[in-house]
Amino acid sequence: MNKNLLIFGAGGHGRVVKETATAMEYFDKVDFLDDNSELAIGKCQDFNNYLQDYSYAFVAFGNNEQRMKWALQLIQAGFQLPVLIHPVAYVSPLAKIEMGSIVCAKAVVNTNSTIEKCCIVSIGALVDHDSYIGEGTHINSGAIVKAGSSVERLKKVDAGMVYSNETKLKEYSFEVGV
């Protein structure tokens with residue numbers, strides 16, 4: 001099996017994905033498919049033509065629903081969806097990151113947290129301990145998911161937001177007045 005990666009989408013997020021994949025020093029070759037970019041070697045719809053040359057594929061679309069739709073097609077076609085973790089991100093050894101997800105530079109995924117498939121944990125985002133991030137979710141730049149929180153499937157936590165499930169947090173809180 002080759003270690004070549006095909007990235008779907010050559011826009012801003014796609015280029016971040018390529019930089020992350022390259023920084024990992026695992027893949028032999030990294031290329032784009034995109035319907036509207038000169039950086040791409042072909043169009044997304046023609047992905048079957050690349051099955052022989054690329055074992056891995058990664059969907060780099062910002063639209064959560066489109067990312068999940070394409071990921072399912074690629075899995076069915078036989079591509080492997082890697083987990084991409086930038087070398088300067090911190091991911092606890094007790095965290096679980098599922099296929100097709102990316103943890104960008106300076107992001108943190110803390111102890112006992114789960115990142116379901118096809119998620120984006122953007123640059124500088126923090127997912128604190130015992131949190132659950134549903135599939136296809138995007139935790140944007142600098143966002144904080146507080147300890148013990150659960151983020152539903154396909155949700156976007158915008159840049160700089162602090163997200164929590166107050167009811168769940170209260171079960172574990174020792175704060176005065178809670």
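How many bridges pair strand β9 with strand β12, and in which sense? Strand β9 (residues 114-115) and strand β12 (residues 132-133) pair over 2 bridges in the parallel sense, where two strands count as paired if DSSP finds at least two bridges between them. Within this pairing, Thr-114 has Tyr-132 of β12 as its bridge partner. Helices (H or I, at least four residues) and strands (E, at least two) are DSSP runs, numbered from the N terminus.

The structure is a predicted model, in which local features need pLDDT of at least 70 and side-chain atom pairs count only at pLDDT 80 or more, whereas totals for chains, interfaces and linings use all residues. Residues are numbered from 1 along each chain as its sequence is written, and side-chain values use heavy atoms, with hydrogens and water left out. The mean pLDDT (the predictor's confidence in each residue, from 0 to 100) is 94 for the protein, and 93% of its residues reach 70 or more. Over residues 168-174 pLDDT stays under 50, and the model has 6 contacts (heavy atoms within 4.5 Å) for this stretch beyond four places in sequence. Where pLDDT is low, predicted coordinates should not be read in detail.

The secondary structure of the protein comprises 3 helices and 17 strands. Its radius of gyration, taken over C-alpha atoms, is 17 Å, which agrees with the value near 16 Å for a compact globule of 178 residues under the rule of 2.2 Å times the number of residues to the power 0.38. The C-alpha trace spans about 60 × 30 × 25 Å along its principal axes. Of the 178 residues, 47% are buried, with buried meaning under 20% relative accessible area, exposed over 50%, and partly exposed in between (1.4 Å probe, protein chains only). Among contacts with a separation of 6 or more, 34% join residues 24 or more positions apart.

One open sheet has 3 strands in the order β2-β1-β3, with parallel pairing. Strands β2 (29-33) and β3 (56-59) stand at its edges with a single partner strand each, so one side of each has no neighbour in the sheet. The twist averages 25 degrees from one strand to the next; axes are lines fitted to C-alpha atoms, for helices over the stretch in contact, and angles run from 0 to 180 degrees between N-to-C directions. Strand β1 (residues 4-8) pairs with β2 over 5 bridges in the parallel sense. The β2 partners of Asn-4 and Leu-5 are Lys-29 and Val-30, respectively. Asn-4, Leu-6 and Phe-8 point one way from β1, while Leu-5 and Ile-7 point the other way. With 5 of its 5 residues buried, β1 is largely enclosed by the rest of the structure; 4 of the 5 residues of β2 are buried, so β2 is also largely enclosed. Helix α1 (residues 12-23) lies across β1, β2 and β3 and runs at about 170 degrees to β2. Helix α2 (residues 64-77) lies across β1 and β3, at about 165 degrees to β3.

Strands β9 and β12 belong to an open sheet of 4 strands in the order β6-β9-β12-β15, with parallel pairing. Its edges are β6 and β15 (150-151), each with a single partner strand, so one side of each is left without a neighbour in the sheet. Ala-95 is found in the loop between β5 (90-91) and β6 (96-97), and is buried at a relative accessible area of 17%. Beyond four places in sequence, Ala-95 touches Val-109, Asn-110, Asn-112 and Ser-113.

The largest nonpolar core (buried Ala, Val, Leu, Ile, Met, Phe, Trp, Tyr and Cys residues joined through side-chain atoms within 4.5 Å) has 18 residues, of which Val-103, Ile-115, Val-121, Ile-133, Ile-139 and Val-145 touch the most other members. Leaving aside neighbours within four places in sequence, Ile-139 contacts Ile-120, Val-121, Ser-122, Ala-125, Ile-133, Val-145 and Val-157. Apart from this core lies another of 17 residues, including Leu-6, Tyr-50, Tyr-54 and Ala-57.
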